Amino acid sequence: MNALDQRPIRILVAKAGLDGHDRGAKVVAAALRDAGFEVIYTGLRQTPEMIVAAALQEDVDAIGLSLHSGAHMTLFPRVLDLLKAAGADQVLLTGGGIIPDADMAKLGEMGVGRLFGPGTPLSDLVAYIRTEVAARREVGSA
Amino acid sequence: MDSPSPKQPSPEQHAAAIRAGDRRALARGLTLVENEGADGAALLAALGSVGSAHRVGITGPPGAGKSTLVSALVAAWRADSRDVGVLAVDPSSPFTGGALLGDRIRMLAHADDEGVFIRSLASRGAFGGLAAGVYDAADLLDAAGFDPVLIETVGVGQAEIEISRAADTTIVVLAPGSGDVVQGMKAGLLEIADVLVVNQSDREGADALVAALQSAVELRDAVAPPIVKTVATRGEGLAELRALVDGRAAAAAGELTARRLARARARIRAAVDRRRADAFWNAADGAQAQALSEAARGVADGSTSAAEAVARLLGGESA
Ligand SMILES: Nc1nc2c(ncn2[C@@H]2O[C@H](COP(=O)(O)OP(=O)(O)OP(=O)(O)O)[C@@H](O)[C@H]2O)c(=O)[nH]1
Ligand SMILES: [Mg+2]
C-alpha cells in the first residue's frame, strides 16, 4: 500500500455567501477533526474564488461548503467550474444547507457530491467523506 | 496559467515544475514531503540544493495574534512585490490524529493573491517531531521562489524550540495577559527570541508587559533582542518589525551561517535517527515489534525492569 493512502484526510470547511454566522460550519469542522480529519477552516463569507484558491494551496481531498443563503445553484457550480479549470476535479465537493431535493439532484448531476440537510447525523457525513475520498485517492494513484 | 500537472510526474519533472512556479506542483509536493514517505524523499533529492530564502519563525502563546501579525507582515512585503510563503502549523490531536487548522481565517486578505502561498500543516506527531516536515516544506517554498518564508507555530511546548532551529529569525509574539506566560517560561520562549513583539498593544497592560520583558532580557548575558510594540489588526508597528527582519536577513550574514549550520546538523540527525528507528522497528518481519510487545508486558507486570527490556531489545545491535 502506498504511504499516501494512509495520510489523514484533508478537508477545507468554509461558509459561503453573505449571510450571518458560522456556528453550523464550526460544529461540522470540530466533528470532522474529532473523526481524525485535518480540517482547514477558513470561516465566513468566502467567495468561490477564495475557496478554490485555498483548496488548491492546501491540496485538500475535499471541500465542505456550508451555505444558507439560497445561492446554492450558483455557488456550488461555480466552485466546481473553478476546480475543473485548475485540473483539480478529483477534489470532492460536498456540503450542507437548506437545499430542495430537486436542486440536490441537479447539483449531483453536475458533479457535486452528496449534500446534507440540517439535522443529518454528523456520523453520516464522516462516513460518506471517508468512502468517497478513499475511492478518489484510488483513482488518482492508479 | 496553471496547466494541470500530470498525475504522476517523475521526481525530476516535479522538481522542475516547482522551480518554474507551478503552484499545483508545489501544493502536491508539499503533500509528499509532509507525508515523509519515499515519494517526498525522491522529490527533495531531485530538487537538490535550495536557495536561501529568509525563514522567519513566529511563535507565542495561543491567541497572541500570531496569524494576524503574519498577515500584516505579508502585506508589508507584498507592497514591495516580494513573493511570500507561509507555513501555519497547528497541533494534531494525539488521540484521533485530527487537527483544526484555523490560521487562514486571519489571512483572508491574501486569499486570491498569486504572490502569497499559505499552507496549513498539522504537527502529526510523527517520529522526529515537528521540525522534519517543516524544514522540507520550507525548502519547497524556497525553491518555488518565495522569500521570505514565514512559519507560525503555537509556542506552548517543545515546538517553539524546534521552530527556532528551523528559522533564521525567530519572532516571539506576546500580548497583554500573557504576563503569566513570561513568568513560566524562564527557559523557553524568551531565549529563542531574536525579536520580541508585544502585540495587541492597544490593550491595557501593554506597557507593563514591555517593562517586564525588558527587565527579563536584561538579566541574560546574551544580546538582548529588540522589543517592538504592534497592533497587528491596524498594521501599527509593522514597518519597524519588517525593517528589523529585513535587517537581519541582510546584515547578520555570519550569524545566519551559524544558524544554518545548526539547522543542517539538527536536520541530518533527525533524518538519520528516523531512518535508523524505522529500520530497527521494522526489522526481521516485525519480530522486533513483537519483542516490544512482550517486553512491555514484562515491564508492566513487574517481572522485568525497563532497563533490562531495553538491553535485551538492543542486544542484537552493537549498541
Ligand atoms: N485588540 C487587538 N486584537 C488583536 C490584535 N491582533 C490580533 N488581535 C485579535 O486577537 C485574536 C487572535 O488573533 P490570531 O491572529 O488568531 O491569534 P493567534 O496567535 O494566531 O492564535 P492561535 O493561532 O489560535 O494561537 C483575534 O480576534 C484577532 O483579531 C491587536 O493588535 N489588537
Ligand atoms: Mg494563529
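A polar contact is a pair of N or O atoms within 3.5 Å. The legends below describe a predicted model.

**Figure 1. Polar contacts between chain B and ligand 1.**
An oxygen atom of ligand 1 and a polar backbone atom of B:Gln200 are 3.3 Å apart. B:Ala64 also takes part through its backbone, with an N or O atom 3.2 Å from an oxygen atom of the ligand. For B:Asp202 the contact is made by the side chain: one of its polar atoms lies 2.9 Å from a nitrogen atom of ligand 1. On its own, ligand 1 has 650 Å² of accessible area, and the protein covers 74% of this.

**Figure 2. The residue shell of ligand 1.**
The shell holds 17 residues, of which B:Lys66, B:Ser67, B:Thr68, B:Arg106 and B:Asp202 come nearest to the ligand. By residue class, 7 members of the shell are polar, 6 are charged and 4 are nonpolar. Helix 4 of chain B, spanning residues 66-78, supplies 3 residues, the largest share.

**Figure 3. Protein donors of the magnesium ion (ligand 2).**
Three side chains are shown with the ion: B:Ser67 donates through OG, B:Asp103 through OD and B:Glu152 through OE. These donors lie 2.1 to 2.3 Å from the magnesium ion. Along the sequence, the spacing of the donor residues reads S-x35-D-x48-E. B:Asp103 sits in the loop between strand 3 (99-101) and strand 4 (116-122) of chain B, while B:Glu152 belongs to strand 5 (residues 149-154) of that chain, so the two donors tie together parts that are 49 residues apart in sequence. B:Ser67 also appears among the residues that come nearest to ligand 1.

**Figure 4. Burial of two magnesium donors.**
This view concerns the acidic donors of the ion, B:Asp103 and B:Glu152. The relative accessible area of B:Asp103 is 10%, so this residue is buried, the cut-off being under 20%. B:Glu152 has a value of 2% and therefore is buried by that cut-off.

**Figure 5. An aromatic pair in chain B.**
Over all chains, the structure holds 3 aromatic pairs. One of them joins B:Phe280 and B:Trp281, whose ring centres are 4.8 Å apart. Their planes stand at 80°, so the pair is edge-to-face, a class that begins over 60 degrees. B:Phe280 counts as buried because its relative accessibility is 14%. B:Trp281, at 34%, counts as partly exposed.

Note on methods. Residues numbered from 1 in each chain as written. Chains lettered and ligands numbered in written order. Predicted model: local features only at pLDDT ≥ 70, side-chain atom pairs only at ≥ 80, totals over all residues. Heavy atoms only, no water. Phe/Tyr/Trp six-rings, centres within 6.5 Å; stacked < 30°, edge-to-face > 60°. Buried < 20%, exposed > 50% of the residue type's maximum accessible area, 1.4 Å probe, protein only. Near = heavy atom within 4 Å. Polar contact = N/O pair within 3.5 Å; in protein donor to acceptor, adjacent residues only side chain to side chain. Areas by Shrake-Rupley, 256 points an atom, 1.4 Å probe, with all protein chains shown as cover. Helix = DSSP H or I, 4+ residues; strand = E, 2+ residues; numbered from the N terminus. Nonpolar A, V, L, I, M, F, W, Y, C, P; charged D, E, K, R; others polar. Donors = N, O, S within 2.8 Å, 3.2 Å for Na, K, Ca; no water.
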